[in-house]
Amino acid sequence: MKRTILAKEQEKLAEKIKIRQDSIYKRKLQDFAYWTPLTVDADPLWLLYYKRMLKPLKEFPDKLSDWNGFDEEGYKKLYSLGTITRLQENLDLLKNQYEISRTVSMPRGKRFILYHKTLIGWRKFLSNLDSEKKNASLMISYKQREKERKQPSEIYNHQTDMKIAERVFIKYRQLIHNN
């Protein structure tokens with residue numbers, strides 16, 4: 001009788017251990033699903049938000065020559081200042097961070113924090129790129145105005161008032177016809 005009771009208790013204990021082991025195994029499989037980079041494309045938050053927001057970064061050209069918006073003179077000026085190399089380094093870091101977030105095994109939460117850091121960096125990169133383009137065009141226009149200012153003006157040539165007035169009227173007519 002004692003043996004039967006002891007055997008029943010051991011069977012119950014074995015059943016509890018089996019259930020616990022089975023639940024640990026299932027939990028590990030669930031955790032693995034969040035860790036593996038194979039399931040990244042199926043995550044709802046990725047599909048709804050980050051895929052759309054990070055798509056321009058993925059498609060942005062790697063080479064500086066493929067970037068749009070830089071004219072030759074502005075590109076040379078920014079390159080001489082070291083701005084182009086700094087922008088290129090920032091872009092390479094962002095693309096590397098994006099690749100890491102898509103391929104390395106990590107928990108789901110860390111993956112989305114990395115997505116968000118990459119997205120913030122991408123937005124900052126775009127604003128820096130835009131401001132550098134504007135700065136380059138301003139520097140070029142400033143240099144052109146300086147060159148024009150240094151050239152001798154026609155007004156100070158020894159001309160009569162009548163000649164000056166005629167020239168002003170001709171420029172005024174040209175402006176009216178162009179608009």
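User: Let's start with Glu132. Which helix is Glu132 found in?

Analyst: Happy to begin there. Glu132 is found in helix 5. Keep in mind that this is a predicted model.

User: Is Glu132 buried or exposed, and how do I read that?

Analyst: The general idea is a cut-off: buried means under 20% relative accessible area. Glu132 has a relative accessibility of 14%, so Glu132 counts as buried.

User: What does Glu132 touch, apart from residues up to four places away in sequence?

Analyst: With those set aside, Glu132 touches Leu78, Thr83, Arg86 and Leu87.

User: Can we step back to the whole chain? How many helices and strands does the chain have?

Analyst: There are six helices and zero strands, and along the sequence the pattern reads α-α-α-α-α-α. Of the 179 residues, 21% count as buried. Contacts with a separation of 6 or more are worth a look too: residues 24 or more positions apart account for 74% of them. As for surface, the chain exposes about 14600 Å², with carbon and sulfur atoms supplying 58% of it.

User: Now helix 2. How do I check the span of helix 2 against its number of residues?

Analyst: The expected span is 1.5 Å times one less than the number of residues. Helix 2 (residues 44-59) has 16 residues, so it should span 22 Å, and its end C-alpha atoms are indeed 22 Å apart. Look along its path as well, where a kink of about 55° is centred on Tyr50.

User: Which residues of helix 2 are buried?

Analyst: First, the general idea: an α-helix has 3.6 residues a turn, so residues three or four places apart point the same way. In helix 2, the buried residues are Trp46, Tyr50, Leu54 and Leu57. They pack against helix 4 and helix 5.

User: What caps the N-terminal end of helix 2?

Analyst: Asp43 does: one of its side-chain oxygens lies 3.0 Å from the backbone nitrogen of Leu45.

User: One last residue, Arg102. Where is Arg102 placed, and is Arg102 buried or exposed?

Analyst: Arg102 sits in helix 4 (residues 83-103). The reasoning matches what we did for accessibility before: Arg102 has a relative accessible area of 15%, so Arg102 is buried.

User: Which side chain does the side chain of Arg102 make a polar contact with?

Analyst: The partner is the side chain of Tyr115, at 2.9 Å. Beyond its neighbours within four places in sequence, Arg102 is in contact with Pro37, Val40, Asp41, Trp46, Arg111 and Tyr115. Among these, Trp46 is one of the buried residues of helix 2.

Technical notes: Residues are numbered from 1 along each chain as its sequence is written. This is a predicted model: local features need pLDDT of at least 70, side-chain atom pairs count only at pLDDT 80 or more; totals for chains, interfaces and linings use all residues. Side-chain values use heavy atoms; hydrogens and water are left out. Helices (H or I, at least four residues) and strands (E, at least two) are DSSP runs, numbered from the N terminus. Buried means under 20% relative accessible area, exposed over 50%, partly exposed in between (1.4 Å probe, protein chains only). Contact means heavy atoms within 4.5 Å. Accessible areas come from the Shrake-Rupley method with a 1.4 Å probe; for residues, only the protein chains shown count as cover. A polar contact is a pair of N or O atoms within 3.5 Å; within protein, one must be able to donate a hydrogen and the other to accept it, and residues adjacent in sequence count only if both atoms are side-chain atoms. The bend at a residue is the angle between axes fitted to the seven residues ending there and the seven starting there.
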